[in-house]
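Open the model in a viewer and keep the sequence panel visible. The stops below each give a selection and then what is there.

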Amino acid sequence: MNLPRTRVLSGIQSSGEKHLGNYFGAIQQHIELQHEFPGECFYFIADFHALTTVHDAAAMREGVVEVARSYLALGLNPDKALLFRQSDVPEVTELAWLLATVTGTGLLERGHSFKEKVAQGLKPSVGLFLYPVLMAADILVYGSTTVPVGKDQIQHVEMAQDMATHFNQTHCAGEPILRRPEWRLSQTPYVAGLDGRKMSSSYGNTLPLFASGKPLRKMIAAVATDSTPLGQPLDPDKCTVFRLLSLFLQPDELERVGGWYRAGKRDGQPFGYGHAKQLLAERYEAHFAAARARREELVANPQQVEDVLTRSAARARAVARDTLDRCRQACGLR
Ligand code: ADP
Ligand code: TRP
């Protein structure tokens, strides 16, 4: 099979509601890339990976559909990019096994993500340990060249590079089968959460993408700030609200708001964190208003979402099948 020069691929966990960090760290760049490489972007919802933490069938099903709805609502065009369930391409699990047999346990033991999850108290299943092997199979089975991810996933992509090399060296004497992927960071690879730490579902400090109205204002009101009284000068560079505002404001607007912070005044009136939070809530709501409405339409039309997932999976599976057949042959399997 002739692979395109560039094949963009990324996986998105199906566990949990998507948040602002996921959007600016990953989803936004996924959607932009479909215009740069139409027809060559493969995005899948990582339900096999989610099984390392989600053990409730209804939550699993709903999680997958919610991610699909979110991507479509945020602008993924299924005529330009594929969006499918990881588990609809079972070939990845077989390739994962082939890769596991050429991967040293030391490589996986060095995994930051594994060590961090265990430190957080997650019981380390063999599946969690093998997480990077399955992720490498996801990447390599489609001949991916470009993997847009957030910072925390770089090490996993580097492990996939190592596994491709090991497999090619072990089994493909003349002609390598597996292509070397490269990671690609978004322009905003780090979004702070409500408490100032990295926004993450595991810290409970997220802003859900489609939050609006009173619940959104309440969450934004909870962003941690210091106790400087209203009207006193504030340091924008130390303020989480300001960092979040920078995601929504144009540079000139941001400069102006920075001025209000430093003066503790806006147009002669006192300016404080409460005003900044109000501005953030307004911009947040406006930024996602159209996507929120499209998401509602998709909630009312689940078949449309299902059709996209099914159609995309058929195309992705053909590519995966071809790679897997060549890998099996190279290993001496039928
Ligand atoms: P979480 O930490 O909430 O579980 P995931 O690990 O599922 O998020 O991340 C999904 C994608 O979003 C990854 O590519 C990840 O790098 C990116 N991402 C997650 N949180 C952030 C953040 N706070 N800032 C930037 N990117 C993020
Ligand atoms: N591990 C990724 C995350 O937590 C999700 C993922 C699974 C992925 N397989 C992938 C990302 C392949 C990129 C490529 O965000």
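Contact here means heavy atoms within 4.5 Å. The model is predicted, so local features need pLDDT of at least 70 and side-chain atom pairs count only at pLDDT 80 or more, while totals for chains, interfaces and linings use all residues. Residues are numbered from 1 along each chain as its sequence is written, chains are lettered from A and ligands numbered from 1 in the order in which they are written, and side-chain values use heavy atoms, with hydrogens and water left out.

**Whole chain**

Start with a cartoon of everything. The chain has 14 helices and seven strands; helices (H or I, at least four residues) and strands (E, at least two) are DSSP runs, numbered from the N terminus. Its radius of gyration is 22 Å, close to the 20 Å from the globule rule for 334 residues, so the chain is as compact as a globular protein of that length. That radius is taken over C-alpha atoms, and the rule is 2.2 Å times the number of residues to the power 0.38. The C-alpha trace spans about 75 × 45 × 40 Å along its principal axes.

Next, colour by accessibility. Buried means under 20% relative accessible area, exposed over 50%, and partly exposed in between (1.4 Å probe, protein chains only). Of the 334 residues, 50% count as buried. The exposed area of the chain is about 16000 Å², with carbon and sulfur atoms supplying 51% of it; accessible areas come from the Shrake-Rupley method with a 1.4 Å probe, and for residues only the protein chains shown count as cover.

Then colour by charge. Lys and Arg count as positive and Asp and Glu as negative, with His and the chain ends not counted. The place of a charge is NZ of Lys, CZ of Arg, CG of Asp or CD of Glu. The 38 positive and 36 negative charges have mean positions 2 Å apart.

A contact map gives one further figure: of the contacts between residues at least 6 apart in sequence, 78% join residues at least 24 apart.

**Strands S2 and S3**

Select 81-85, which is strand S3; five of its five residues are buried. Ala-81, Leu-83 and Arg-85 lie on one side and Leu-82 and Phe-84 on the other, and both faces are covered. Add 41-46, strand S2, which runs parallel to S3 and is joined to it by five bridges. Two strands pair if DSSP finds at least two bridges between them. Ile-45 has Arg-85 of S3 as its bridge partner.

**Leu-309**

Which residues does Leu-309 contact, leaving aside neighbours within four places in sequence? Select Leu-309 in helix H14 (residues 302-331) and show its surroundings. The contacts are Ile-45, Ala-68, Leu-83, Phe-84 and Arg-85. Leu-309 is buried, at 0% relative accessibility. Draw a distance to Asp-88: the two are 221 residues apart in sequence, and their C-alpha atoms are 8.9 Å apart.

**Leu-298**

Move to helix H13 (residues 289-299), where Leu-298 is found. Leu-298 counts as buried at 7% relative accessibility. Not counting residues up to four places away in sequence, Leu-298 touches Arg-69, Leu-72, Ala-73, Gln-304 and Val-305. From Leu-298 to Val-65 the C-alpha distance is 9.9 Å, across 233 residues of sequence.

**Leu-249**

Keep Val-65 selected and add Leu-249. These two are 184 residues apart in sequence and 31 Å apart in space, C-alpha to C-alpha. Leu-249 sits in the loop between helix H10 (240-245) and helix H11 (251-263). Is Leu-249 buried or exposed? At 9% relative accessibility, Leu-249 is buried. Beyond residues up to four places away in sequence, Leu-249 touches Leu-254, Val-257 and Arg-283.

**Strands S4 and S5**

Select 146-149 for strand S4. Thr-146 and Pro-148 on one side and Val-147 and Val-149 on the other are all buried, so that both faces are covered. Strand S5 (residues 182-185) is parallel to S4, with four bridges joining them. The partner of Val-147 in S5 is Trp-183.

**Two loops**

Select Asp-267, in the loop between strand S6 (265-266) and strand S7 (269-270). Its phi is near 50 degrees, a positive value in a residue other than glycine. Most residues other than glycine have a negative phi. Asp-267 is exposed, with a relative accessible area of 70%.

Finish at Gly-272, in the loop between S7 and helix H12 (273-287). Gly-272 is buried, at 6% relative accessibility. Leaving aside neighbours within four places in sequence, Gly-272 is in contact with Leu-230 and Leu-234. The C-alpha atoms of Gly-272 and Tyr-261, eleven residues apart along the chain, are separated by 7.3 Å.
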